[in-house]
Amino acid sequence: MPRPISATIDLGALGSNLDLARRHAPHARVLVVIKANAYGHGLLRAARALRSADGFALLELDAAVSLREAGYQQRIVLLEGFFDARDLPVLVEHGLTSVVHSREQIEALKKLPAGSGLDVFLKLNTGMNRLGFAPEEFAAALTALRDNAAVGQITLMTHFANADDARGVTWQMEVFERVARNAGLQRSLANSAAILRYSATHGDWVRPGILLYGCPPFADNTATELGLKPVMTLASEIIAIQQLKRGDTVGYGGIFTAERDMRIGVVACGYADGYPRHAPNATPVAVDGQLTGTVGRASMDMLCVDLSAVPQAHTGSRVVLWGEGNPVENVARAAGTVGYELLCALAPRVPVIERE
């Protein structure tokens with residue numbers, strides 16, 4: 001028998017979450033973000049569930065090419081652009097779109113033959129201070145692209161640093177409008193949080209990411225409150241039960257000490273499966289549908305859970321590490337991280353089950 005851990009990917013939930021993004025931004029086209037192997041959900045699997053989207057956004061050139069070879073004809077955008085001028089013929093051949101965020105990329109594009117028709121997203125740095133042209137450099141970059149006969153359609157973009165918190169987007173939108181107001185070009189601004197909260201940012205192309213996978217972009221909202229459905233459920237089973245005496249410790253480092261006699265369950269899941277090793281005691285898990293918490297430190301292949309509130313639990317009881325019945329955002333909050341990290345960390349050794 002195989003080890004009893006698996007990740008179930010609900011393809012119908014992916015489609016439902018895409019529909020929710022569309023309802024919030026009815027006048028924009030949707031560029032679904034499937035970078036990092038679709039946030040751990042599987043690139044081609046997610047693309048299939050999101051095939052009604054207007055386009056795809058990712059980072060890896062080989063992944064973009066694989067989408068084209070699988071028959072997807074929508075716009076495909078490389079969010080960090082190209083990394084080497086030698087990649088440009090591949091972009092042109094496969095009709096890919098490149099983000100342009102640096103002077104080096106502007107110079108490399110001059111080497112393309114006229115009429116290549118490479119579409120680009122020109123990125124303005126409005127305060128995130130990662131990628132993009134500073135406001136004082138933006139006009140020159142735009143002029144250079146417009147003067148380049150190898151460049152096709154130009155779309156303007158930026159990325160929001162605080163769309164998910166109290167600072168919001170106004171401060172960045174003011175920069176964008178000041179610099180790009182009269183450019184007369186399409187815009188792509190809104191990430192998941194901005195799609196849900198700031199309709200003025202929707203523009204021509206919205207870029208939903210984490211919301212597609214059923215994880216709320218806000219710390220103060222649950223997925224259920226936002227109408228999102230969980231897509232990935234990581235589940236395993238109890239493979240052994242231990243009876244602890246008061247004063248017994250659990251696992252490496254003995255970070256949990258029993259304050260009373262108690263039962264714990266040993267679960268076939270550890271950090272080699274993608275579970276966070278740094279998750280503290282009482283990180284939520286669901287055993288036979290009942291919420292309880294972890295005890296001790298997660299090891300490579302196993303972790304332990306408190307069965308005090310689940311007296312009926314036994315060897316073989318189902319354990320949901322995150323997903324249906326145990327939202328990933330709650331696990332992430334307890335572990336001091338974000339749902340993105342947990343989803344992306346799903347290990348290749350975990351079998352994946354698709355559910356339509």
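These legends go with close-up views of the largest pocket and of two cysteines in a predicted model. Residues are numbered from 1 along each chain as its sequence is written, and side-chain values use heavy atoms, leaving out hydrogens and water. Local features need pLDDT of at least 70 and side-chain atom pairs pLDDT 80 or more, while totals for chains, interfaces and linings use all residues.

**View 1. The largest pocket and the residues at its centre.** The space here comes to about 880 Å³. A pocket is an open set of points on a 1 Å grid where a 1.4 Å probe fits, with protein on both sides within 12 Å along at least five of seven lines. Of the 36 lining residues, Tyr39, His159, Asn191, Ile210 and Tyr340 sit nearest the centre; lining means having an atom within 4 Å of a point. Sorted by class, the lining has 21 nonpolar, eight charged and seven polar residues.

**View 2. Helices around the largest pocket.** H2 (35-39), H9 (192-197), H11 (328-334) and H12 (339-344) each chip in at least two lining residues. H11 gives the largest share, with three. Helices are DSSP runs (H or I, at least four residues), numbered from the N terminus.

**View 3. Cys215, a cysteine without a partner.** The closest cysteine sulfur, in Cys344, is 10 Å from that of Cys215, too far for a bond. A disulfide needs two cysteine sulfur atoms within 2.5 Å, and the structure holds zero of them. Cys215 is also buried (under 20% relative accessible area, 1.4 Å probe, protein chains only), at 2%.

**View 4. Cys304, also unpaired.** From the sulfur of Cys304 to the closest cysteine sulfur, in Cys269, is 12 Å, again too far for a bond. Cys304 is buried at 15% relative accessible area.

Note on methods: Points joined across faces, edges and corners; volume = space filled by probe spheres on them. Nonpolar A, V, L, I, M, F, W, Y, C, P; charged D, E, K, R; others polar. Buried < 20%, exposed > 50% of the residue type's maximum accessible area, 1.4 Å probe, protein only.
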